[in-house]
Structures are given as structure tokens and as C-alpha cells.
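Good morning, colleagues. Thank you for the opportunity to present; please turn to the display.

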Amino acid sequence: MKKELSEEELFEKIPVPQAVATLAIPTIISQVVTMIYNLADTFFVGQIGNPYMVAAVSLVSPWFNLLTALGNLFGLGGGSLISRMLGSSNHRDVKHVSAFSIWGGGLTTLLFSILTFVFRTPLLNFLGASPDTYDYAQSYLNWVVVLGGAPTMLSLTMGHLLRSEGHAKPASTGMMFGGILNVILDPVLIFGLHLNVAGAAIATACSNLASVIFFVVIYIRLKEKTTVSLLPGYFTFRFIRQIFSVGLASALATTLGNVSNMVIVKLAAGYGDIPVAAYGIVKRIDQVPLNVSMGLCQGFMPLVGYNYASGNYRRMRDVSFFSWKTAVVMSACFVACFAFFAHPILHLFIPEMETSTLGASFLRIACLAVPFTSINFLISYTLQAMGKGAQSAILTFSRQGLLNVPLLVLMNVTIGLYGMIWTQLIVELIMFPVSLGMYRHTWQRLKHR
């Protein structure tokens, strides 16, 4: 049996490619599985052949994805701080950070779910639900956000905290368990019990709850091998500023990304329900390479944070550069695949000709932004891992707030439906040199310390 690497070996001694692979490969696999179960709802609902049901899932998805923002706020923020604490040999306060991330995040998400239920009618109208999609959208929203919100957020947070200590495999196993269960439950509930959209939503909620239970078991089994604690007795507000200074940047990225999705879905709804369904499918497919990059991000963040805190800047930089190059190669492969096989891929998700044809043309345009999006992501997450939350937040706000939403509206007014699909590529091309410049400036300051 292969001997498990010690904290010192993993973070300080083994070659950079091996260290990144050790943490990133399980994380990427879990992201791919998570992505598959996110695609599963759209895929299985699409097999019903009703574009209004697909449109309903697409309408609710940006709001559901705000749970990821909360998971990043508490989980990535807490995880980044834990990695830096370990790098500076401060093991004592890790329990307090983890307890705040879990319990603070859980209570905040519960409040988010309650408010979603109370204001569900104006919310669905805001998201662009039509008379044909409203009932389907409301059913999906109630299950995945109102009832399933807290388990979804907690499973993300628990995974981030485990990964921050170098426990990438158990963290990924917990995420994969929920994802696989969702893929199994979807066809059973949608077709076996004829629950349609509600079946997809129930499968998602139950799978995330099962993932949380699985994580609790993992924490109990790790015992002395982890300094992370689930006990509310360690809860304190003492580290809230340090957690949120990094977590807010990541949460802002997810939130603004979903605001952009809400805007484009709302604008697309002006062209009918078919473009909404087509864009919703394309957005899910386009997330495949971005989820792989996200897995890479979450894998290398503990390495960057640990080596930054311990003062080993050269290794920190080598980790970042190796990860960026890896992301570019993987993204290029996805772009080629999507460009050549766009129509068969869309037809696989919905065998309805008008929606799949429109979606194929959307996908060929949208995928061009992927390599630039991946690098911009990775630079932002590198800065977060170093505790540079302000710099990361500036990049995120510039990209999603200052550029994306105004450009979406402008491109819709001047060019129309296809103009909105080109917007992401334009934004990423503008931000690419800005992101590189921000990282270069940060690195130069480190070298002169």
C-alpha cells in the first residue's frame, strides 16, 4: 500500500508537478463528477423533449448557483486561511476557522433559503419565467434552493476545508459520492416515478444531503489526522475579517457570474423560450472546461497559500506557472472538441431540432473564450491563495461588473441575440493583460521584500 505523503513532503519537498497532481487530480475528478451531475438535470429533463421544462431549469440555475458563492465565501475563504496557518505552523486556530466556516455558512444559507421562499413569486418573474415555464421553475426552485440550499452549501464548504489541509482524496470522494447518486436518482425520479422537473430537483437536493452525511463520516474517521473541527463549541467571530477578505473575492466572482447569466437569460427571454433553453444547455456544456480549471484552482490553492506563508516564493511561483500552462493545454482540447462536435453534443441533450441547432451555433462561439477565462480564473485564485483578496476582488469586479453586464446590454441592443454570445470572449480578451499585469505587480513586490 502506497504510503501517504506527510504535510511537509507534500507542501515543501516533492517536485511541483507531482505536488500539483497529488492535490489537483482528485479535485478535478470530483469537479468533473459534480459537473456531470449538474449536466444530468438538464440532460434527463431534455430527454422529455419539452423545451419549456429545460428553460425552467435554465432560469433557476443562476439563482441555485449562488449557493456556490456562499460555499466559496465560507469554504474557500476559510480554506485559504487554514493553508496559510499551516504554512506558518499555527495549528491551534484551525479549529476556530473551520467551525466558523461550517456553522456561520450553514446559518447564512438557511436565511438565504427562507428569503427565497418568501419572495419566490417576484424572484421568478425577475428571472424571466413565462406562463409556460413558471410552474416548472417554481417546483425546481423550491426543491434545490429552499429545501436543498443548506446541504448544497455545506457539502462545498466541507470539501474546501478538507482540501486546505492536503486531504484532496477524501474531499473529492465526498463530492463524487453526491454526484454519482444524483445521476442514479435522476432517471428513477424523472421517468420511473414520472416526476419530471420536480424529480430532477428532488434528486439534486437528496444527493447534496447525502454528500454532507458522507463528509461527516469522513471527518469522524480522520480523527487526529485533521485539525478541522465540526464542533460548534469552537465557533468564534475572531477570524471573520481574514476569512471574508479572501472568501468575498471568490463569492463575488460567482455572484457576478450568475448575475451575468441572469441578465443574458432575461434578455434571451425577449426572443422566446427556445433561445433560453438553447443558452441554458450551452452554458452547462461550456462549464465543463471551466469546472476542470476550477478543480485545478482548488487543487493548487493550498500549495500556493502554504508556500506563500512559509516564505518559499520560488516554489509558490513554480506551482502557479505549471498550473496555468496545464490549464491552457486542457482548454485548447475542449475548444477543438466543441467546435467540431457542437451539433451532436446539443442533439444529445435535447433531441428537438430547433433548440439543438440554435444551441450548436451558440456553443461554437461561447467555447472560444474558454482558454482566456481559465487563465483569468487561475490568476485570481492564485491571488486569493496568497491572501490578496482585494486584488482578486478588483479583477473580478472589473471583469463581471464593469465589463460583462454593460457589454451584454450593449451587444444585445446593437447586434442582437448572437451579440450576447460573443460578449464573454470580448471581456476575457480585455481582462487577460490586466490579470497578468496584476500578478506581475504582486510578484515584483514579493521579490523586493
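I shall describe the chain as a whole and then turn to a single residue.

Please bear in mind throughout that this is a predicted model. The secondary structure is helical: the chain contains 17 helices and zero strands.

What of the overall dimensions? Taken along the principal axes, the C-alpha atoms fill a box of roughly 60 × 45 × 40 Å. The radius of gyration is 21 Å, and because a compact globule of 449 residues would have a value near 22 Å, the chain agrees with that expectation.

Next, the packing. Of the 449 residues, 60% count as buried. Among the contacts with a separation of 6 or more, 83% join residues that are 24 or more positions apart.

As to the surface, the chain exposes about 17,600 Å², and carbon and sulfur atoms supply 69% of that area. The charged side chains comprise 28 positive and 18 negative ones, with the centres of the two sets 12 Å apart.

I now come to Ser98, which is found in helix α5, spanning residues 94–118. Is Ser98 buried or exposed? Ser98 counts as buried because its relative accessibility is 0%, and the cut-off for that class is under 20%.

Which residues surround it in the model? Leaving aside residues up to four places away in sequence, Ser98 touches Ile82, Leu161, Val228 and Ser229. In addition, a polar atom of the Ser98 side chain lies 3.0 Å from the backbone oxygen of Lys95.

That concludes my presentation, and I thank you for your attention.

Notes:
Residues are numbered from 1 along each chain as its sequence is written. This is a predicted model: local features need pLDDT of at least 70, side-chain atom pairs count only at pLDDT 80 or more; totals for chains, interfaces and linings use all residues. Side-chain values use heavy atoms; hydrogens and water are left out. Helices (H or I, at least four residues) and strands (E, at least two) are DSSP runs, numbered from the N terminus. The radius of gyration is taken over C-alpha atoms; the globule rule is 2.2 Å times the number of residues to the power 0.38. Buried means under 20% relative accessible area, exposed over 50%, partly exposed in between (1.4 Å probe, protein chains only). Contact means heavy atoms within 4.5 Å. Accessible areas come from the Shrake-Rupley method with a 1.4 Å probe; for residues, only the protein chains shown count as cover. Lys and Arg count as positive and Asp and Glu as negative; His and the chain ends are not counted. The place of a charge is taken as NZ of Lys, CZ of Arg, CG of Asp or CD of Glu. A polar contact is a pair of N or O atoms within 3.5 Å; within protein, one must be able to donate a hydrogen and the other to accept it, and residues adjacent in sequence count only if both atoms are side-chain atoms.
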